[in-house]
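Please open the structure in your viewer and keep the selection tool at hand. The tour moves from a single residue to an element and then to the whole assembly.

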Protein chains: 2
Amino acid sequence: MKTTQYLLATLREDPSDAETISHKLMLRAGLIRREGSASGLYSWLPTGLKVLRKVEAIVREEMDATGAAEVLMPMVQPADLWEESGRWFDFGPELLRINDRHQREFCLGPTHEEVITAIVRDEIRSYKQCPAVFYQIQTKFRDERRPRFGVMRAREFLMKDAYSFHTSEESLAETYQVMHEAYHRIFSRLGLEFRAVIADTGSIGGSKSHEFHVLAQSGEDAIAFSDTSEYAANIEKAESLAPLNVRPEASSTLQKVATPDARSIDSVCQQLSVEPQQTIKTLIVKGALEESPAIAICLRGDHELNEIKIEKHPLVAAPCHLLDEAEVRQAVNCAVGSIGPVGLNIPTIIDRDAAVVANFVCGANEDGFHMTGVNWERDAPITETFDCRNIVEGDSSPDGQGKLTIKRGIEVGHIFQLGTKYSEAMKANVLSESGKSVTLSMGCYGIGVSRVVAAAIEQNHDEYGIIWPDNIAPFQVAIVPMNMHRSHRVAEAADKLYQQLRDAKIEVIFDDRKERAGVMFADMELIGVPHRIVISERGIDAGTFEYKHRRDNEKLNIPIDEVFAFVQQKVI
Amino acid sequence: MKTTQYLLATLREDPSDAETISHKLMLRAGLIRREGSASGLYSWLPTGLKVLRKVEAIVREEMDATGAAEVLMPMVQPADLWEESGRWFDFGPELLRINDRHQREFCLGPTHEEVITAIVRDEIRSYKQCPAVFYQIQTKFRDERRPRFGVMRAREFLMKDAYSFHTSEESLAETYQVMHEAYHRIFSRLGLEFRAVIADTGSIGGSKSHEFHVLAQSGEDAIAFSDTSEYAANIEKAESLAPLNVRPEASSTLQKVATPDARSIDSVCQQLSVEPQQTIKTLIVKGALEESPAIAICLRGDHELNEIKIEKHPLVAAPCHLLDEAEVRQAVNCAVGSIGPVGLNIPTIIDRDAAVVANFVCGANEDGFHMTGVNWERDAPITETFDCRNIVEGDSSPDGQGKLTIKRGIEVGHIFQLGTKYSEAMKANVLSESGKSVTLSMGCYGIGVSRVVAAAIEQNHDEYGIIWPDNIAPFQVAIVPMNMHRSHRVAEAADKLYQQLRDAKIEVIFDDRKERAGVMFADMELIGVPHRIVISERGIDAGTFEYKHRRDNEKLNIPIDEVFAFVQQKVI
């Protein structure tokens with residue numbers, strides 16, 4: 001491709017409306033453009049689409065390799081299928097509902113569980129046809145309340161969604177494992193640093209779930225890893241191991257002390273000269289049962305409540321709701337910062353780490369006072385312990401191997417064992433080997449194809465622009481000739497190399513514009529071409545072209561007649 | 001692919017709701033399924049998607065070869081862009097208008113002139129960047145009043161749309177020609193019998209247009225061809241040459257004769273014993289000007305009015321409206337079947353062939369009466385002649401070479417020279433070489449990718465099913481083993497050939513079901529696999545496998561050790 005015959009569409013300045021690195025760079029490098037004044041809707045320009053198609057091709061190859069069959073379902077979906085699954089009513093305004101010219105109700109599909117389940121219940125009749133695995137790479141729509149970060153959280157986006165159907169949980173677990181491995185191959189081939197992490201199944205339901213995260217400092221999610229084993233989990237889900245130490249003996253006397261204006265653990269610690277680990281904080285959440293509308297949670301002062309974990313407790317309402325100042329006063333008649341387990345007359349759940357602290361400080365259930373020298377059992381009963389805190393750096397890994405560290409990630413894939421949620425509601429049954437009707441078990445497996453492009457940039461960039469992994473770079477090689485329009489020798493040499501590379505099916509961009517060298521270098525670095533060849537009069541005089549990799553600072557002078565072979569070996 | 005591990009989804013019976021051959025066969029062969037109860041929305045099952053992707057790949061390769069740059073624009077488009085072009089108001093209910101959660105107006109894109117023009121006006125600033133040609137292969141939506149014929153007239157469909165931008169009409173004409181040739185290569189490679197025909201530009205506007213039609217008896221359009229030259233045109237547009245013969249001298253006397261109940265040319269001819277060619281019929285259409293609300297059109301009795309041609313006449317209102325019985329009586333005070341040019345006091349346009357008839361019969365402008373022995377000029381003035389009839393088989397070709405024949409076609413592509421319709425409304429200007437701002441000229445070029453699949457079937461089928469052209473067949477080879485589950489030798493031989501073909505990257509379907517031979521043969525013929533290999537005990541005994549091409553009746557016995565090479569050479 002010659003730049004004079006190509007819509008390079010690079011921008012000198014950062015666009016004002018872009019908040020994240022990837023959004024800025026995708027606009028500046030001419031990968032995408034916003035569609036008119038519409039938020040969350042983007043056109044893919046030639047350079048961006050080349051990257052998107054490469055991601056798509058790798059995903060497709062690995063899906064095909066699992067034996068999954070590719071299908072293509074419509075974007076517009078009839079309401080009646082969504083009424084069958086119940087999601088027509090459950091799904092929020094992210095589901096864009098529309099009426100056709102005959103006032104029939106439809107939606108723009110954010111996902112295709114309903115459509116594929118309707119196909120499967122008609123076409124798959126026997127256990128012999130199972131497991132059946134289908135996938136598509138298709139455009140989805142989610143009417144985000146606040147679309148942002150470019151294609152990272154766009155309204156229209158490209159997704160790979162796969163669905164599997166099984167007559168047994170074992171078969172589902174097997175296919176789940178096959179997909180798990182395929183995802184590993186996909187993200188490895190994409191050249192991204194990633195981790196599969198144990199995830200919460202959330203509102204979509206089901207029993208088991210992993211997210212695949214591209215690691216990047218700018219990631220929205222926190223992920224906990226073992227420093228020695230394979231263990232990784234979304235911090236929402238990461239288990240904190242039960243402490244191994246036994247609670248020390250009670251050695252201090254219970255005392256009530258005045259702590260005026262101490263409304264946080266920090267200020268209590270300061271006033272009483274204790275460490276946060278030596279304090280217990282008590283939070284009140286909404287209860288699940290009518291007879292227990294408020295539930296107390298006790299945590300070590302330096303720990304944080306994990307709302308995802310605690311809402312799984314039968315006494316706690318889901319989604320987790322922390323009582324506010326007024327609600328707390330109604331429930332326990334004191335301020336939020338003054339609650340404590342001593343003499344508390346509502347059900348109390350004690351985090352496992354909180355339960356092994358002795359001689360601690362806690363609120364006195366009276367405004368402006370705390371208790372010191374508090375001991376469990378002696379001063380407050382341990383009614384129940386539970387894992388209800390976020391893990392912290394240095395915690396032991398739940399698999400018993402190594403310590404946990406925390407990194408940030410961008411979710412680009414998610415796999416679920418859904419079970420029978422959809423197949424039961426939509427009556428997707430088959431005849432088993434013994435001739436009985438069985439409800440199919442289902443798995444679903446997504447990859448945000450367009451999101452991968454943005455995540456790759458968040459992970460791979462520098463101050464000059466994008467640094468593409470080779471496998472998804474829009475071009476492999478950039479030819480940058482110096483003063484080509486004044487030097488016939490440079491023009492001829494550049495054109496010859498261009499033709500050689502093209503003939504070898506190597507994707508090459510030849511910057512044949514009448515631009516200053518600085519402008520050409522900047523553009524090729526901005527769009528992130530991995531391999532750059534500079535051709536100049538001086539180089540030709542010395543019998544060399546200059547080579548540089550986008551990730552390296554080092555420049556190499558390669559003898560002219562070896563350049564083609566050198567590049568060819570680099571891009572293989 | 002083994003059929004036991006594949007969603008073959010073939011049906012024994014014709015589905016009741018399918019009206020056309022291709023719709024029936026696409027359902028029966030398991031290519032598509034309707035999405036729930038929604039009309040005009042289809043999911044592509046694995047076999048159908050394989051075909052669709054092959055069509056898509058050929059289209060993409062040929063578009064890339066023209067130098068057009070692939071982009072991808074959203075399906076959901078903001079109303080403001082359509083308001084700029086004026087089409088938000090002009091487009092009928094086929095444009096599905098939707099509101100997002102913030103009540104902003106959008107539509108589902110049936111086409112992308114507005115979106116691409118908005119990109120181009122921002123990104124293309126100089127004549128140096130022109131011509132600029134972009135294309136996409138993307139899902140479109142048209143809210144058809146009556147979706148039918150399966151994917152032939154679906155609401156959601158896959159389309160290749162391309163757009164070109166130019167600083168001169170000559171450049172537009174050049175790119176138009178490049179696209180014309182690319183379309184020829186595309187439909188040739190697809191293996192379809194097709195014709196490019198001169199088309200009407202219709203409501204989309206512009207100066208020049210060709211349609212590409214796949215020829216099929218079931219086609220909705222009539223196309224006129226020369227039997228000796230390249231001339232072809234949609235009958236809507238096909239010019240009828242001015243007659244070469246001179247009008248004979250007047251030799252009969254004008255007479256008024258009673259023709260009771262003669263309300264058609266046929267009954268007049270019968271009553272008066274004349275041939276239709278010897279009569280003139282007069283129709284009245286709505287006029288374009290207030291002072292001439294009714295315009296008379298005179299045609300030879302055996303000819304038909306071409307509404308597309310006549311509405312281009314400045315006196316005639318567009319779209320063409322034939323006055324009904326009551327309107328005619330108000331305009332000329334007689335019945336529709338009794339009008340004639342003698343003494344008619346409204347503007348009259350005479351078809352060129354009608355103008356060379358002498359001594360003819362026509363209506364007397366009085367109910368129940370006709371005139372005989374009528375002659376132009378002597379009895380009625382020739383105020384104006386015009387080409388206003390449909391051509392008929394046997395007419396001379398307008399290019400002066402050969403006679404016209406008429407065939408039926410299915411429109412699968414359409415190319416337009418649009419001119420400045422969109423670029424002017426949306427202010428897409430660039431700086432010319434002399435530094436002046438010029439409005440870009442625009443071309444647009446569509447192919448109905450999903451429609452091609454249906455059209456290919458309309459053209460290529462028999463009573464057993466689809467007969468795919470090799471280049472778009474879902475599989476190249478079918479292996480049909482006889483009683484494999486009882487014969488180890490057959491199973492082994494079939495499996496060996498299957499592996500050989502797979503290793504050679506030949507797309508093969510191996511029917512390993514426990515089904516009767518008849519069922520397997522029927523399914524492989526239904527889905528239209530071009531090459532079939534039958535493996536049987538008897539064949540193995542004789543040292544041969546049986547080969548048959550889907551189009552041929554002949555079966556060949558091929559020595560076993562030559563089969564792989566034989567097939568390989570067939571599918572190249």
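Throughout, contact means that heavy atoms lie within 4.5 Å. The model is a predicted one.

Begin by selecting Ile558(B), which sits in strand 30 (residues 555-559) of chain B. Because its relative accessibility is 7%, Ile558(B) counts as buried, the cut-off for that term being under 20%. Now display its contacts: leaving aside residues up to four places away in sequence, Ile558(B) touches Gly543(B), Thr544(B), Phe545(B), Tyr547(B), Val563(B) and Phe566(B). For a sense of scale, add Val328(B), which is 230 residues from Ile558(B) along the chain, and whose C-alpha atom is separated from that of Ile558(B) by 74 Å.

Next, select helix 13 of chain B, residues 517-526, where Val519(B), Met520(B), Asp523(B), Met524(B), Glu525(B) and Leu526(B) are buried. Show what surrounds these buried residues, and you will find that they pack against helix 1 (21-28) as well as several strands of chain B, among them strand 28 (531-535) and strand 29 (544-549). Following helix 13 comes Gly528(B), whose phi is positive, near 80°.

Finally, bring both chains into view. A turn of 180° with a shift of 0.0 Å along the axis lays chain A on chain B with an RMSD of 0.1 Å, which is the relation of a two-fold axis. To locate that axis from chain A, select Ile98(A), the residue of the chain that comes closest to it, at 3.1 Å for the C-alpha. Then colour the interface: 100% of the interface residues of chain A are also interface residues in chain B, so the copies meet through the same surface.

Definitions and conventions: Residues are numbered from 1 along each chain as its sequence is written. Chains are lettered from A and ligands numbered from 1 in the order in which they are written. This is a predicted model: local features need pLDDT of at least 70, side-chain atom pairs count only at pLDDT 80 or more; totals for chains, interfaces and linings use all residues. Side-chain values use heavy atoms; hydrogens and water are left out. Buried means under 20% relative accessible area, exposed over 50%, partly exposed in between (1.4 Å probe, protein chains only). Helices (H or I, at least four residues) and strands (E, at least two) are DSSP runs, numbered from the N terminus. Copies are superposed by least squares on the C-alpha atoms of residues with pLDDT of at least 70 in both.
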